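Subject: Structure handover

Dear colleague,

Please find the structure below, with the sequence alongside. My notes on what was found in it follow.

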Amino acid sequence: MDRSFLTLVLLLGIFSSLIDFNEAQSTCEIFQDEPFDSNIEVKEVRELTGANISLSCICSNESWRFGSVIVSNRSLLHITRLSGATAGPYTCYSTNETNTTSSVLVRAINVTLFPSAPATALTYGNPFSLNCTLDLQPLNGTVAFTWTNNGTILPDQKSATLSIPMVNTSHRGDYSCSALLHNVSLSASNRVQLTVIVPQPMVS
């Protein structure tokens, strides 16, 4: 077989491979670095305010825009101390001829967990309740609440409202609440101290 023909076939094969590679890179895909899963492309990231986020874009000659502003000319984008000002739509785009883009919406979650009163004094036998309020936007999914008394988890108290029908001296101490949403732990910012007053017997 003619050597020049073999050379032409080889060159055509290399050129075809390069075309396939460029086409494969023309589709932009976005992944969150922590946790990283190359099988899951992200379209929305929800993190607590103050969190650090890293996003990777697999593309050809990629750059990142926040709105219309170019924020990075690298495949890796770091968002430090997420806030309302840095939350919003981020777009990874290819600067090749295809101008391929892919977008991800970054949301900042504001969380305020607080019992309803800083301190409470109750007489022995009276009912006692506390509310744990979650100020979280957007709120999608089930929230699991946990209450503690003096650092010990109260297994029977699993809702946003802690309820004790009749207090006794074992209920004294500090109460705090926490919540779990999509495996993100949200801790209470305040605690409530309960004082139980035991009536003195009347002296006749």
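What is the order of the strands in the open sheet of 5 strands? The order is β2-β8-β7-β4-β5, and the pairing in this sheet is mixed. Its edge strands, each of which pairs on one side only, are β2 (44-48) and β5 (69-72). From one strand to the next, the twist averages 30°. Inside this sheet, β7 (residues 88-94) and β8 (residues 101-109) run antiparallel and are joined by 6 bridges. Opposite Tyr90 stands Val104 in β8.

Before going further, a word on confidence. This is a predicted model. Over the protein chain the pLDDT averages 74, and 66% of the residues score at least 70. Among the elements, the highest mean pLDDT, 93, belongs to strand β14 (residues 152-153), and the lowest, 40, to helix α1 (residues 3-25). Over residues 5-26 the pLDDT stays under 50, and for this stretch the model has 7 contacts beyond four places in sequence. Please keep those values in mind when looking at helix α1, given its mean pLDDT of 40.

Now the chain as a whole. Its secondary structure comes to 1 helix and 18 strands. The protein chain has 204 residues, of which 32% count as buried. Of the contacts with a separation of 6 or more, 61% are between residues 24 or more positions apart. The accessible surface is about 12,900 Å², and carbon and sulfur atoms account for 54% of that surface.

There is also an open sheet of 3 strands, with the order β1-β3-β6 and antiparallel pairing. Here β1 (29-32) and β6 (76-79) are the edge strands, each pairing on one side only. The twist in this sheet averages 25° from one strand to the next. Strand β3 (residues 53-58) and β6 run antiparallel, with 4 bridges joining them. One bridge can be looked up by residue: Ser54 has His78 in β6 as its partner. The two faces of β6 can be told apart as well, since Leu77 and Ile79 make up the covered face, while Leu76 and His78 make up the uncovered one. His78 thus appears twice in these notes, as the bridge partner of Ser54 and on the uncovered face of β6.

The last item is a single residue, Asn149, which is found in strand β13 (residues 143-149). Is Asn149 buried or exposed? Asn149 has a relative accessible area of 10%, and because buried means under 20%, Asn149 counts as buried. A polar atom of the Asn149 side chain lies 3.3 Å from the backbone oxygen of Arg172. Which residues is Asn149 in contact with, leaving aside its neighbours within four places in sequence? They are Leu154, Ser170, His171, Arg172, Gly173, Asp174 and Tyr175. Arg172, whose backbone oxygen lies 3.3 Å from that polar side-chain atom, is one of these contacts.

Regards

Methods:
Residues numbered from 1 in each chain as written. Predicted model: local features only at pLDDT ≥ 70, side-chain atom pairs only at ≥ 80, totals over all residues. Heavy atoms only, no water. pLDDT = per-residue confidence, 0-100. Contact = heavy atoms within 4.5 Å. Buried < 20%, exposed > 50% of the residue type's maximum accessible area, 1.4 Å probe, protein only. Areas by Shrake-Rupley, 256 points an atom, 1.4 Å probe, with all protein chains shown as cover. Pairing = 2+ DSSP bridges. Axes fitted to C-alpha atoms, helices over the stretch in contact; angles between N-to-C directions. Polar contact = N/O pair within 3.5 Å; in protein donor to acceptor, adjacent residues only side chain to side chain.
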